[in-house]
Amino acid sequence: MKRTNYAGLIDETYLDQTVTLQGWVQKRRDFGGLIFVDLRDREGLVQLAFSEELSLNALHVAEKMRAEYVVEIQGVVKERVAGQENNKLKSGKIEIQVTEAIILAEAQTPPFEIDNADNVSDEMRLKYRYLDLRRPEMQQNLLTRSKITAATHEFLDANGFIDIETPILAKSTPEGARDYLVPSRIYPGSFYALPQSPQLFKQLLMGAGFDRYYQVARAFRDEDLRGDRQPEFTQLDVEMSFMTQDEIMALVNDWVKAIMSKTVGYDLDVTTIPTLDYADSMRRFGTDKPDMRFDMELQDLSDLMADAEFGVFANAIKNGGQVKAIVVPSAADKYSRKDIDKLAQYIERFGAKGLAWLKVTDEGITGPIAKFLTAKADALLSTTGATSGDLILFAADQAEVVAATLDALRRMTAKELDLIDESKWAFAWVVNWPLFDYQAEEDRWISAHHPFTMPNEEDLPLLDTVEGAHQAHAQSYDLVLNGYELGSGSIRIHRMDVQEKMLAALGFTKEAAHNAFGFLLEGMSYGFPPMGGIALGLDRLAMLLAGRDNIREVIAFPKNSKATEPMTEAPLPVAQVQVVDELGLTAPVYAENSAPNMAEA
């Protein structure tokens with residue numbers, strides 16, 4: 001029989017029509033001579049009815065059906081008996097009265113119920129991913145992802161972009177995180193690297209004159225995993241020639257508007273997307289990717305607390321640090337001392353040495369440090385705007401520790417107190433980043449984005465010295481959504497002399513720079529146009545639009561938190577014949593004149 005419809009799309013508009021459906025048995029209910037089966041396909045469920053009056057042969061087939069059997073049926077669409085409708089389903093007002101049925105494939109009892117996987121561990125779901133992906137919510141997640149890429153192709157094609165693939169097997173260049181290396185059989189001791197991004201290739205495409213490039217690009221980074229990271233991921237990657245930063249941001253706004261409309265039906269007003277200076281974002285929110293769906297901005301109390309009797313505050317300022325706070329509204333009665341101790345333990349991972357706090361009452365301030373701040377109570381409440389019932393949380397340390405601590409507390413308390421409007425889509429641009437970032441633990445400077453980012457025009461003279469270069473700011477722009485970095489972009493360096501100075505500021509000798517990036521530098525010598533671009537993270541965007549909190553939920557076959565795949569058990573050792581005989585990997589091989597290690601934000 002030839003399928004005529006998807007099961008989940010059948011509704012009362014098909015009444016009295018004969019349909020042929022194929023799919024999986026979700027549930028079977030046997031009432032003796034009358035059997036109901038829920039048939040599932042990618043579009044949803046429909047109820048099948050089998051009886052002797054309809055077809056004795058089909059009834060006998062239904063008696064053999066079990067959960068996850070693959071079946072094919074033909075029947076007539078009829079209204080359900082009054083009172084037995086299911087308003088949660090598109091097909092909830094009808095059923096298929098089956099006249100023919102075939103079992104196409106039998107199935108073992110699955111390790112978990114497809115329609116009830118709430119209490120199933122992540123490892124179990126990943127081990128049997130092909131079963132997990134049968135769940136309607138997982139299929140909806142991947143459908144959301146597909147809609148994003150479809151909207152991207154449609155929008156960029158209409159705006160003159162050319163879809164061009166760049167290599168997966170490429171040269172290992174020190175652009176950021178650790179590379180995944182692929183040994184060459186033909187050239188023993190030599191290696192390809194899987195791309196961390198198409199960055200260099202898309203710049204070369206601009207140098208070749210293609211003007212507007214895009215790609216749904218696979219990228220790979222050998223780094224520690226979090227809920228919004230995977231070792232292999234997908235970028236919606238674009239690059240443009242002869243466009244300013246503002247022009248690129250405006251085009252991306254329209255692109256994202258198209259994605260939001262076609263994926264979740266949201267009409268994004270691009271005129272309301274705020275643009276924050278990097279320094280302002282750090283000052284107000286303690287992060288370069290602020291969640292702007294709620295308030296609770298950071299309050300700088302350094303001037304007020306410089307002479308405080310509370311030594312922790314005074315000493316932090318004396319040592320070049322700062323004192324800041326957030327006001328958690330109406331939280332004084334919602335956080336016990338035990339709850340606050342848990343917050344203190346949580347922020348230790350950000351370098352905080354403790355958590356100072358106060359509760360505001362009608363009589364004033366209370367808490368462990370209130371006795372030290374009595375003289376400053378009125379000024380404190382006036383500065384912070386805290387009122388009775390509020391909880392004030394402080395951080396006193398060096399600026400980076402204070403920022404990370406209060407950002408974490410702001411996000412956690414807002415989530416715990418349901419202060420976040422989950423229906424909001426809070427986009428923001430963060431611009432004017434530092435060109436470099438100092439890594440104190442490694443005592444070295446790295447590029448805040450990547451080493452191909454153009455400084456602000458007024459900062460170009462600073463690149464004449466390494467020390468000056470480290471004070472420069474970049475023509476860079478990050479798009480943020482609901483507290484996640486959605487995309488990172490910049491105007492690129494298109495002049496060889498500027499690129500060489502940039503690499504020198506990162507510690508490259510001229511020889512090392514040409515060893516690592518000689519092909520790019522040589523290309524620039526033949527005339528590259530001004531260019532810029534951005535890469536949006538498809539996995540992260542799909543996660544947000546699907547309402548999930550882990551990108552594994554929107555990737556068909558992801559790795560777990562240990563960078564392994566439970567289903568195939570990858571990575572695994574391979575046979576000696578592959579490693580030694582074919583690849584010749586019997587001893588480590590190192591390159592001379594290796595470039596310094598770098599990292600991207």
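Is Ser 184 buried or exposed? In this predicted model, Ser 184 comes out as buried, since its relative accessible area is just 6% and the cut-off for buried is under 20%. As for its place in the fold, Ser 184 sits in the loop that links strand 7 (181–183) with strand 8 (191–193). Setting aside neighbours within four places in sequence, Ser 184 touches Ser 190, Phe 191, Tyr 192 and Leu 583. There is a polar partner too: a polar atom of the Ser 184 side chain lies 3.4 Å from the backbone nitrogen of Ile 186.

Helix 16 makes another buried spot. This helix covers residues 538–545, and eight of its eight residues are buried, so it is largely enclosed by the rest of the structure. The buried set takes in charged side chains, Asp 539 and Arg 540, along with Leu 538, Leu 541, Ala 542, Met 543, Leu 544 and Leu 545. Just past the end of helix 16, Gly 547 adopts a positive phi of about 75°.

Zooming out, the chain has 601 residues, and 49% of them count as buried. Its secondary structure adds up to 17 helices and 22 strands, and its C-alpha atoms fit in a box of roughly 90 × 75 × 50 Å along the principal axes. Of the contacts between residues at least 6 apart in sequence, 69% bring together residues at least 24 apart. About 29100 Å² of the chain is exposed, with carbon and sulfur atoms supplying 49% of that area. On the charge side, there are 61 positive and 92 negative charges, and their mean positions lie 4 Å apart.

Technical notes
Residues numbered from 1 in each chain as written. Predicted model: local features only at pLDDT ≥ 70, side-chain atom pairs only at ≥ 80, totals over all residues. Heavy atoms only, no water. Helix = DSSP H or I, 4+ residues; strand = E, 2+ residues; numbered from the N terminus. Buried < 20%, exposed > 50% of the residue type's maximum accessible area, 1.4 Å probe, protein only. Contact = heavy atoms within 4.5 Å. Areas by Shrake-Rupley, 256 points an atom, 1.4 Å probe, with all protein chains shown as cover. Charge placed at Lys NZ, Arg CZ, Asp CG, Glu CD. Polar contact = N/O pair within 3.5 Å; in protein donor to acceptor, adjacent residues only side chain to side chain.
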